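Student: Please take a close look at the sheet in this structure and tell me how its strands are put together. I would also like to know what surrounds them.

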Amino acid sequence: MPQIIKDAHIQTVLTTFETSPASALDLMEALQAAYAECISKQPGFIAAALHMNDAQTRIANYSQWEKREDYQAMLRTDEMRKRNREINNMCKTFEPVMYDVQGVY
């Protein structure tokens with residue numbers, strides 16, 4: 001389970017997916033399968049959470065990694081390159097952005 005802690009010295013990645021109500025559930029299933037079968041087993045993976053908005057037009061993903069390089073290595077695996085091509089076909093855009101926690105209230 002993700003824990004948001006300032007100065008934890010981990011890499012946080014927030015990814016937003018823009019999709020349509022017709023594709024949202026398929027996209028969510030693909031993301032859940034990717035985490036269950038591949039991503040969560042990668043070196044440096046700590047935790048993640050998936051969220052969908054009420055209109056089923058956006059999915060947000062919050063993931064935590066021991067370090068930036070662990071996340072980048074996961075993206076370069078053959079399995080994730082294949083999965084990301086499939087995920088890309090189910091959404092209009094997706095953008096992962098790396099963050100550092102600056103405050104928790």
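Tutor: Among the contacts in the protein with a separation of 6 or more, 73% come from residues 24 or more positions apart. The model is a predicted one, and the sheet is a good place to see how distant parts of the chain are brought together.

Start with the order along the chain. From the N terminus on, the elements run β-α-β-β-α-α-β, which comes to 3 helices and 4 strands. The radius of gyration is 14 Å, close to the 13 Å that the globule rule gives for 105 residues, so the protein is as compact as a globular protein of that length. Along its principal axes, the C-alpha trace spans about 40 × 35 × 20 Å.

Now the sheet itself. The 4 strands form an open sheet in the order β2-β3-β1-β4, with antiparallel pairing. The edge strands are β2 and β4 (93-99), each of which pairs on one side only. On average, neighbouring strands of this sheet are turned by 15° against each other, direction ignored. As general background, strands of a sheet pair through backbone hydrogen bonds, either parallel or antiparallel.

Go through the pairs one at a time. Strand β2 (residues 45-52) and β3 pair in the antiparallel sense over 7 bridges, and A47 has Q64 in β3 as its bridge partner. These two strands form a hairpin with 5 residues between them, and Q56 in the turn has a positive phi of about 55°. On to the next pair: 8 bridges join β3 to strand β1 (residues 11-18), and the two run antiparallel. Here T16 has A60 in β3 as its bridge partner. The remaining pair is β1 and β4, antiparallel over 7 bridges, where L14 stands opposite V97 in β4.

Strand β3 (residues 58-65) deserves a second look, as it is mostly covered: 6 of its 8 residues are buried. For the protein as a whole, 31% of the 105 residues count as buried. One element beside the sheet is α1, which lies across β1, β2 and β3 and runs at about 170° to β2.

The side chains come next. In soluble globular proteins, nonpolar side chains tend to be buried together. In this model, the largest nonpolar core has 10 residues: V13, A34, Y35, C38, I39, F45, W65, Y71, M74 and M80. Helices α1 (24-37) and α2 (68-76) each supply at least two residues of this core. M80 shows how such a residue is placed: leaving aside its neighbours within four places in sequence, M80 is in contact with A34, C38, I39, M74 and L75. There is also a second, separate core of 8 residues, which includes F17, L27, L31 and C91.

Finally, consider the loop between β1 and α1, where S20 has its place. S20 has a relative accessibility of 23%; buried means under 20% and exposed means over 50%, so S20 counts as partly exposed. S20 and E95 are 75 residues apart in sequence and 16 Å apart in space, C-alpha to C-alpha. As for the outside in general, the protein exposes about 6600 Å², and carbon and sulfur atoms supply 50% of it.

Note on methods
Residues are numbered from 1 along each chain as its sequence is written. This is a predicted model: local features need pLDDT of at least 70, side-chain atom pairs count only at pLDDT 80 or more; totals for chains, interfaces and linings use all residues. Side-chain values use heavy atoms; hydrogens and water are left out. A nonpolar core is a set of buried Ala, Val, Leu, Ile, Met, Phe, Trp, Tyr and Cys residues joined through side-chain atoms within 4.5 Å. Buried means under 20% relative accessible area, exposed over 50%, partly exposed in between (1.4 Å probe, protein chains only). Contact means heavy atoms within 4.5 Å. Two strands pair if DSSP finds at least two bridges between them. The radius of gyration is taken over C-alpha atoms; the globule rule is 2.2 Å times the number of residues to the power 0.38. Accessible areas come from the Shrake-Rupley method with a 1.4 Å probe; for residues, only the protein chains shown count as cover. Axes are lines fitted to C-alpha atoms, for helices over the stretch in contact, and angles run from 0 to 180 degrees between N-to-C directions.
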